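Please give an explanation of how this structure is organised and how its ligand is held. Running paragraphs are preferred.

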Amino acid sequence: MINFKELATTYKTPLYIYDLDYMTKQYEELKEAFKGKKSILAYAIKSNSNLSVIKHFATLGSGADCVSIGEVRRAFLAGVPSYKIIFSGVGKSDDEIREAIESDILYINVESEAELGRVELIAKELGAVCRISIRVNPNIDPLTHPYISTGLHDNKFGVEIDAAKRMYIKANNSEHLDPVGIHFHIGSQLTELKPIYESAVIVADLVRSLSNIKIELKFFDIGGGLGVVYKNETTIKPYDYAQAILGALKGLDLTIICEPGRFLTANGGYFLTKVLYEKQNGSKRFVVVDGAMNDLLRPSLYKAYHKIEAITNSTTDESEADVVGPVCESGDFFAKNYSLPILEHNDLLVIHSAGAYGFGMGSNYNTRGRSAEVAIKGGEARVIRKREEFEDLIALEKDFLVK
Ligand code: LLP
């Protein structure tokens, strides 16, 4: 049991707290599901990019799925070996491509024909051979929130099957490209197995048709996307997930790469915030807290549900309230019409499932410093990122004041 009161006293609020032991458990459960098969779990750094969190997974044997050269650098800094680092994203700059090739990562996951051309040109300039995979967009509806769907032709990600085939042929004929993998990722917070299975079947068929023309791939990258329980969702069991993928791969001997983010981190993270005020506008009740949308954006951006637990001595009946922060936006809320007892100044609210896409999507809006991050491992808590102070926020401006 995490002692949130003690953590609030020691580290102040607002505060991110990560239970690394929970994250280990999630990692091991997923790894176990692929037991006996060649597989790499490449942790999707975007879900929680704190160096200590990445290092924790690296120590367990994880690779890293990155979407910017900054994330690739984080992976290296945290000790992820180059041969387990993947770099995806629709908009890699020349500089990013160059650095990725020079760093000799496992592969660059290419997302368009135009990008393939750039990668080839830059590899040629460097006198290198760049390992690539191609992200295929299987045009399957992942049945998730439209903002986090990525596998439909309407989404900007990946290329159609026919384009992918052309690209593999081009890459195979190039002295500077080595096509080693194939990739798909149809969306995040997936709670249905069928779209994943259908996508895997489509992509595995492409692998077979490439094999028929003597293009032999080594890696079958199934992306991330495994959903988690925020409220009462029924989610996909890792074992069933692995079986579905293996079913689609029938007869193919490839290393499976899986890029989980949320599954590993979401429910290992908590956002701790303190009650400042209760207020009532007409019949509407508000609980104003010291954390805000700049700390945890998901409720504002996606109307995402996050469970809220009150730590209070209050014994009043619960009634509905909007839990809101100090930011100057009506969209600054953690929950709407959430049942809570009447709260006192300095009572605590624990916002659950905040380990994925929490801190990382934060900002300094309204000149608010980002919260500290604390990790708990084996019962010991320690700061893994200091709270941002005002001086940190102006550091890149103060010497550049207009005359
Ligand atoms: N691999 C690729 C290529 C991805 O684009 C993503 C997530 C992942 C792996 C990891 O997906 P996960 O296992 O975490 O579902 N900010 C949104 C989620 C955006 C996900 C973007 N891509 C949210 O807060 O729900």
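The text below goes from the domains to the ligand and its surroundings.

This is a predicted model. Its chain is divided into two parts: domain 1, made of the segments 4-15 + 267-394, and domain 2, which spans 34-260. Taken over C-alpha atoms, the centres of domain 1 and domain 2 are 34 Å apart. Where the domains meet, 16 residues of domain 1 are in contact with 15 residues of domain 2, with contact meaning heavy atoms within 4.5 Å.

The ligand sits in the largest pocket. Both domains contribute to its surroundings: domain 1 and domain 2 each supply at least three residues to the shell around the ligand. By residue class, this shell consists of six nonpolar, seven polar and six charged residues. There are 19 residues around the ligand, and those that come nearest are Ser188, Glu259, Arg262, Arg298 and Tyr357.

Polar contacts to the ligand come from backbone as well as side-chain atoms, as the next three cases show. For Gly261, a backbone N or O atom lies 2.9 Å from an oxygen atom of the ligand. Arg262 likewise uses a backbone N or O atom, at 2.8 Å from a ligand oxygen atom. In Arg298, by contrast, a polar side-chain atom is placed 2.6 Å from an oxygen atom of the ligand. On its own the ligand has 590 Å² of accessible area, and the protein covers 92% of that area.

How values were computed. Residues are numbered from 1 along each chain as its sequence is written. This is a predicted model: local features need pLDDT of at least 70, side-chain atom pairs count only at pLDDT 80 or more; totals for chains, interfaces and linings use all residues. Side-chain values use heavy atoms; hydrogens and water are left out. A residue is near a molecule or strand if one of its heavy atoms lies within 4 Å of it. A polar contact is a pair of N or O atoms within 3.5 Å; within protein, one must be able to donate a hydrogen and the other to accept it, and residues adjacent in sequence count only if both atoms are side-chain atoms. Accessible areas come from the Shrake-Rupley method with a 1.4 Å probe; for residues, only the protein chains shown count as cover. On a 1 Å grid over the protein atoms alone, a cavity is a set of points where a 1.4 Å probe fits but cannot get out, and a pocket is an open set with protein on both sides within 12 Å along at least five of seven lines; lining residues have an atom within 4 Å of a point. A molecule sits in a cavity or pocket if more than half of its atoms lie within 2 Å of its grid points. Ala, Val, Leu, Ile, Met, Phe, Trp, Tyr, Cys and Pro count as nonpolar, Asp, Glu, Lys and Arg as charged, and the others, Gly among them, as polar. Domain bounds come from an automatic or database domain assignment.
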